[in-house]
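Take a walk through this fold, strand by strand and helix by helix. Keep the sequence and the 3D view side by side.

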Amino acid sequence: MASSSSAKRIVFTGGSGKAGRHCIPYLLSKGHSVLNVDLVPLDHPKVHTLKTDLTDSGQVFNALSSHFHLSHYENPRGPGGVGVEKPDAVIHFAAYARNMLVPDSETFRGNVLSTYNVIEAACKLGIKKVVIASSETTYGVCFAQGDADYHCFPLEEDYDNDPEDTYATSKLCGERCARSFARRFPGTDIYALRIGNVIEPHEYEPDFPDYVNKPETRKRNAWSYIDARDLGQICDLCVQKDGLGFQVFNATNDTITTKEPTAEILKRFAPSTPITRKLGEYEAPLSNRKIRDVLGFKDVHDWRKYVKI
């Protein structure tokens, strides 16, 4: 449980989705208060869901200046005449989660416009911490046509991202919006998380054996993943760490999703891809070194705890 001084009021967009429904309970366990902003409710007794169309700028400004719960109407009036406290942070995960859920043009419109609206509203309302969901797909292989190669390994945050698909391009546009607003509003921290393949607890048993035993199927995810609960930890670390301005972080667990060491997998499935530094024996090719070094991330849910090999 966080101390009262470190407990934050957090608006979380997309909290009813695959990642959010695990991140929010983690944030609550750390003592934070959370308002879920989504189109569908989150089944959690301590979290109110405010149904919001994030592509509508007016709705976003209202959502980010809303009560967190109906009971907050009991609060005394503040200096501005209302009893609404400003959020300390916004975590923006709401999006079309991949290609082919809607037409490409709508994927781009919805993802880019919602991200712009959330960042703009947060900055103009004086909210000093914004965390946005970017994606592993920005490294250009996940949704590439045919068999594509990465430019180099490990995949780190200074990579020359050049995806060809709409979803990944929308996420890169979100990163650019974040960088622009962080420059425009000095003192505001905006952190973009390039989130790996999200794994929920119930998915290890049915899905992970194939990931481990058929490594040829995991190149598009760079043989990497993020446990949804560890992503909650990353969100908390982002909220607590101030003063970094605009930053990009890979959000993955520590280790590769194979039985074989990393060097053997890369030699076998990406023999022509340059290696720019020595990787750890089982280090994930989509490296989380920065988030470990800068934010202090600790891998809690290593897949080997849940999968027999």
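Begin at a single pair of residues: I10 has A89 of strand β4 as its bridge partner. This is a predicted model. The pair belongs to a longer match, since strand β1 (residues 9-13) and β4 are joined in the parallel sense over four bridges.

Now look at the other pairing of β4. Three bridges link β4 to strand β5 (residues 129-135), and these two also run parallel. Here V90 is matched with V130 of β5. To get from β4 to β5, the chain passes through helix α3 (residues 104-124). This β-α-β crossover is right-handed.

Which way do the residues of strand β4 (residues 89-92) point? A89 and I91 point one way, while V90 and H92 point the other way. All four are buried.

The nonpolar cores come next. The largest one holds 32 residues. Among them, F12, I91, F93, L193, I195, L231 and I234 touch the most other members. Many elements feed this core. Those giving two or more residues are β1, α1 (20-29), β4, β5, β6 (189-195), α6, β9 (246-251) and α8 (289-295). Helix α6 gives the most, with seven residues.

I234 shows how such contacts spread along the chain. Beyond its neighbours within four places in sequence, I234 is in contact with L193, I226, A251, I291 and F297. There is also a second, separate core of 25 residues. Its members include L64, V90, A192 and V248.

Return to helix α3 and find N111 there. Is N111 buried or exposed? Its relative accessibility is 2%, so N111 counts as buried, the cut-off for buried being under 20%. Residues up to four places away in sequence aside, N111 touches A95, Y96, E106, Y167 and S170.

Finish with helix α5 (residues 204-213). Its buried residues include Y204, F208, Y211 and V212. Why do the buried residues of α5 line one face of the helix? Viewed down the axis of α5, they fall within an arc of 90°, so they share one face. The general rule behind this is short. An α-helix has 3.6 residues a turn, so residues three or four places apart point the same way. What does that face meet? The buried residues of α5 pack against β7 (198-199), β8 (226-227) and α6 (228-240).

Technical notes
Residues numbered from 1 in each chain as written. Predicted model: local features only at pLDDT ≥ 70, side-chain atom pairs only at ≥ 80, totals over all residues. Heavy atoms only, no water. Buried < 20%, exposed > 50% of the residue type's maximum accessible area, 1.4 Å probe, protein only. Pairing = 2+ DSSP bridges. Right-handed = clockwise from strand over helix to strand, strands pointing away. Arc of directions from axis to C-beta. Contact = heavy atoms within 4.5 Å. Core = buried A, V, L, I, M, F, W, Y, C linked by side-chain atoms within 4.5 Å.
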